[in-house]
Amino acid sequence: MAPSRVVLVTAASGNIGQHLIPLLASDPNLKLVLPTNRASSLQAQLTQHKLCQPGSNVFIEEGSIKEPRWFQGLLASHKVDTVILNLTGDDELFTTLNCLDFMARSGPAVKQLIYVSGCMPSDTSESIQRHIITPCSSAHVLVKPLIEQKIEHGGFHFAWTVLHPTLFFTNDLRSKPGMLEKGVFDVPFGEAGLSRVAPWDIALAAKNLVTAYNNEDNSKKWSQKKVAVGSRKMFKGSETARLWSEALGREITVLPGTEEGFDKFEDGFGALAGPAWGRDMRLMHEWFAVHGFGMTEEQYRQQLELLGREPEDYAAWVKATGSQWV
């Protein structure tokens, strides 16, 4: 039987995508369209999951979603009805707004958008201004509420749901060399506390939203909604260091949320990703250190309904990951 739904997923090889694609591909009612500018690399990755075999419902398309006519053609040729949009980078605003315009121009074919954003304190514009726009100067953070405003007030014909993940567990993997070689967790989290999220929980939330669209009542429940995904508990920098110390069996210290700590973090991240990204990530962590990053009790309960279970436990993940390194 031919698939009844066609889902386009951006960033299929990313932190979320590598967990999401196997979930979606296991549903014979779904056809997946995966745009990428590195088709051979994505093909190799999916082959490990025994996807993209003859007769598979997964289609890799090589090209750039930054190319308007190519992306629009992709939507039309595959008759895409659902788009899972997960983008980041220097030109995130430019690319995302173009993608939304492509979807709007596709006519009634595209019926559902799932947009992966960042965790917001609430849905109100006043709260976002007070907690994010005024105190935060990080470009890759500020781009999210602007895009959300366009989604919410753009008059689009398709249903949409915004996922608000908190800080990924797997970001800690960048600090592995520093912890093993120097005993230093090289990110200044500060002591205001950060909610943590497993990328596979975000993937499960997105998959459940795709499935929900098959049921009219469930579709209405999640349409035009924003759903946070992550832990209710907020982990301080000192607690993060303690968890890794216990997992690795050695003392781990964390960069302090001070000028010196932020300087070291900016220099280190900038050496890997470039000075502009080093500064932008510093600005985000300075904001974290003062305001924290988490969710309300109501947002947490809403998440449980979407996931169908408790989110993964960060402390348990640290313990398991550290035992593998040791």
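Buried here means under 20% relative accessible area, exposed means over 50%, and partly exposed is what falls in between. By that yardstick arginine 232, at 32% relative accessibility, counts as partly exposed. Keep in mind that this is a predicted model. Below is a quick tour of helix H10, the salt bridges around it and elsewhere, and one nonpolar patch.

**Helix H10**
- H10 covers residues 237–248, and its 12 residues should span 16 Å at 1.5 Å a residue; the end C-alpha atoms sit 17 Å apart, which agrees.
- Most of this helix is covered, with 9 of the 12 residues buried.
- Among the buried ones are Trp244, Leu243, Leu248 and Thr240.
- Their packing partners are helix H7 (176–182), strand E8 (184–185), strand E11 (253–254) and helix H14 (314–325).
- Right after H10 comes glycine 249, with a positive phi near 70°.

**Salt bridges in and around H10**
- Arginine 242 and glutamate 246 pair up through their side chains at 3.0 Å, N to O.
- These two are 4 residues apart in H10, so about one helical turn separates them.
- In general, an α-helix has 3.6 residues a turn, so residues three or four places apart point the same way.
- Arginine 242 is partly exposed at 39% relative accessibility, while glutamate 246 is exposed at 54%.
- Lysine 233 makes a salt bridge with glutamate 239 (3.3 Å, N to O).
- That pair is a mixed one: lysine 233 is partly exposed at 44% relative accessibility, whereas glutamate 239 counts as buried because its 18% falls under the 20% cut-off.

**A link across the chain**
- Arginine 232 meets glutamate 297 in a salt bridge at 3.1 Å, N to O.
- The two lie 65 residues apart and tie together distant parts of the chain: arginine 232 is in the loop between strand E10 (225–229) and H10, and glutamate 297 is in helix H13 (residues 297–307).
- Glutamate 297 is partly exposed, with a relative accessible area of 40%.

**Salt bridges overall**
- Searching the whole structure turns up 21 salt bridges.
- One network of salt bridges links Glu259, Asp263, Glu266, Arg279, Arg282 and Glu286.

**A nonpolar patch**
- Leu93, Leu97 and Leu146 make a nonpolar surface patch of about 230 Å².
- Leucine 146 belongs to helix H6 (residues 139–153).
- With 48% relative accessibility, leucine 146 is partly exposed; that puts leucine 146 over the 30% needed for a patch residue.

Key. Residues numbered from 1 in each chain as written. Predicted model: local features only at pLDDT ≥ 70, side-chain atom pairs only at ≥ 80, totals over all residues. Heavy atoms only, no water. Patch = residues over 30% accessible without salt bridge, like charges linked within 9 Å, V, L, I, M, F, W, Y side chains within 5 Å. Areas by Shrake-Rupley, 256 points an atom, 1.4 Å probe, with all protein chains shown as cover. Salt bridge = Lys/Arg side-chain N within 4 Å of Asp/Glu carboxyl O. Buried < 20%, exposed > 50% of the residue type's maximum accessible area, 1.4 Å probe, protein only. Expected span 1.5 Å × (residues − 1). Contact = heavy atoms within 4.5 Å.
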